[in-house]
Amino acid sequence: MALSKEEQTRIDLAASLRIVEHLGMHEAVANHFSAAVSEDGKKFLINPKWKHFSRVRASDLLLLDADDPTTADHPDVDATAWSIHGQLHKNLPHVRVAMHLHPIYTTAISAMKKPHIPPIDQNTARYFNRVSIDTMFGGMADTVEEGARLCSLLEKNSRLLMGNHGVMVTGTDIGVAFDDIWTLERSCQILITALSTGQPLNVLSDEVAEKTAQDWESIEDFSRKHFEEMKEIMIQKDPSLLD
Ligand SMILES: [Zn+2]
């Protein structure tokens with residue numbers, strides 16, 4: 001029997017959480033991934049508060065309504081997640097998926113005085129002129145105002161490097177967003193490894209970087225395939241993901 005759109009989204013979102021845990025990109029029992037299930041984008045699934053990514057099953061994901069103010073009182077809803085993801089799904093209907101993490105290398109780049117990802121290889125070039133930077137970190141985001149401010153930064157670019165904090169990647173597809181946040185972390189790992197040699201970086205020309213970024217944008221099927229392969233690995237490892 002064919003799965004409904006919500007059932008499929010539940011499986012894909014649970015898989016994406018397990019994959020990033022498998023890859024060591026999660027932090028403790030923090031961080032949230034969400035995905036819209038309604039046409040207007042306002043009804044969305046999100047992982048429950050303080051549940052380890054490696055144990056999330058499709059049925060554990062909470063179905064929330066961005067227009068319902070009583071959601072903030074739900075015991076399994078994390079306040080910071082609600083203020084950010086709730087505002088995103090309320091205000092930006094084109095955002096179908098939002099993934100927030102504090103991965104080591106990306107967060108280290110975010111902590112620099114002037115966070116920047118110069119194009120020095122194929123991975124870093126994917127993000128050429130395509131990442132918004134926020135350097136206004138003011139503690140853990142738990143207000144509607146903070147969520148709205150972050151939304152305005154995600155209108156222009158699908159990625160937001162959150163200064164002194166981590167990253168938010170948005171998109172229209174769970175597979176593509178997963179591949180994007182993973183490649184961003186890998187880019188920052190390459191950048192920091194190159195910087196650690198103390199030698200000057202050989203930064204690509206704007207022309208080559210732009211062409212490379214466009215090439216990436218034309219192979220979203222590669223990103224989706226990466227996700228589908230990883231999802232199968234996670235299901236084989238622990239089929240409870242599908243429950
Ligand atoms: Zn965070």
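**Reading loops, helix packing and the core**

Reader: Ala28 lies in the loop that runs between α1 and β1 (33-36). What is the phi of Ala28, and is it positive or negative?

Author: Bear in mind that this is a predicted model. In it, the phi of Ala28 is positive, at about 45°, although Ala28 is not a glycine. As for its surroundings, Ala28 has 9 other C-beta atoms within 10 Å, and because a count of 12 or fewer is taken as exposed, Ala28 is exposed.

Reader: And which loop contains Asn129, and what is its phi?

Author: Asn129 is found between α4 (122-125) and β5 (131-134), where it has a positive phi of about 55° without being a glycine. With 10 other C-beta atoms within 10 Å, Asn129 is exposed.

Reader: How should I read the packing of two helices, for instance α2 and α5, and at what angle do these two pack?

Author: Two packed helices are described by two quantities, the angle between their axes and the distance between those axes. Here helix α2 (residues 79-91) and helix α5 (residues 144-153) pack at an angle of about 55°, with their axes 8 Å apart, and the two helices are therefore oblique to each other. The crossing of α2 and α5 is right-handed. On the α2 side the contact is made by Ser83, Ile84, Gly86, Gln87, Leu88 and Asn91, and on the α5 side by Val144, Glu146, Gly147, Ala148, Leu150 and Cys151; by class, this contact has six nonpolar, five polar and one charged residues.

Reader: Where is Ala79 placed, and is Ala79 buried or exposed, or partly exposed?

Author: Ala79 has its place in helix α2, and with 13 other C-beta atoms within 10 Å it is partly exposed. Ala79 and Thr143 are 64 residues apart in sequence, and their C-alpha atoms are 8.2 Å apart in space.

Reader: At roughly what angle do the axes of α1 and α8 cross, and what is the angle for α6 and α8?

Author: The axes of helix α1 (residues 5-22) and helix α8 (residues 220-237) come within 9 Å and cross at roughly 85°, which means that α1 is roughly perpendicular to α8. Ala15, Arg18, Ile19 and His22 of α1 make this contact with Met230, Lys231 and Met234 of α8, and these residues divide into four nonpolar, one polar and two charged. The axes of α6 and α8 come within 8 Å and cross at roughly 90°, so α6 is roughly perpendicular to α8. In this contact, Ile174, Gly175, Val176, Phe178, Asp179 and Asp180 of α6 meet Glu220, Ser223, Arg224, His226, Phe227 and Glu228 of α8, and the division is four nonpolar, three polar and five charged.

Reader: How many residues does the largest nonpolar core have?

Author: In soluble globular proteins, nonpolar side chains tend to be buried together. In this model the largest nonpolar core has 57 residues, and those with the most contacts inside it are Ala14, Val167 and Ile181. Helix α6 (residues 174-196) supplies the largest share of this core, nine residues. Leaving aside neighbours within four places in sequence, Ile181 is in contact with Met99, Leu101, Val167 and Val169.

Reader: How many residues apart in sequence are Ser59 and Asp243?

Author: Ser59 and Asp243 are 184 residues apart in sequence, yet 6.0 Å apart in space, C-alpha to C-alpha. Ser59 lies in the loop between β2 (43-46) and β3 (62-65), and it is exposed, with 12 other C-beta atoms within 10 Å.

Terms used. Residues numbered from 1 in each chain as written. Predicted model: local features only at pLDDT ≥ 70, side-chain atom pairs only at ≥ 80, totals over all residues. Axes fitted to C-alpha atoms, helices over the stretch in contact; angles between N-to-C directions. Helix = DSSP H or I, 4+ residues; strand = E, 2+ residues; numbered from the N terminus. Parallel < 35°, antiparallel > 145°, perpendicular 65-115°, else oblique. Contact = placed C-beta atoms within 7 Å. Nonpolar A, V, L, I, M, F, W, Y, C, P; charged D, E, K, R; others polar. Buried ≥ 20, exposed ≤ 12 C-beta atoms within 10 Å, placed from the backbone. Left-handed = near helix turned anticlockwise from the far one by under 90°. Core = buried A, V, L, I, M, F, W, Y, C linked by C-beta atoms within 7 Å.
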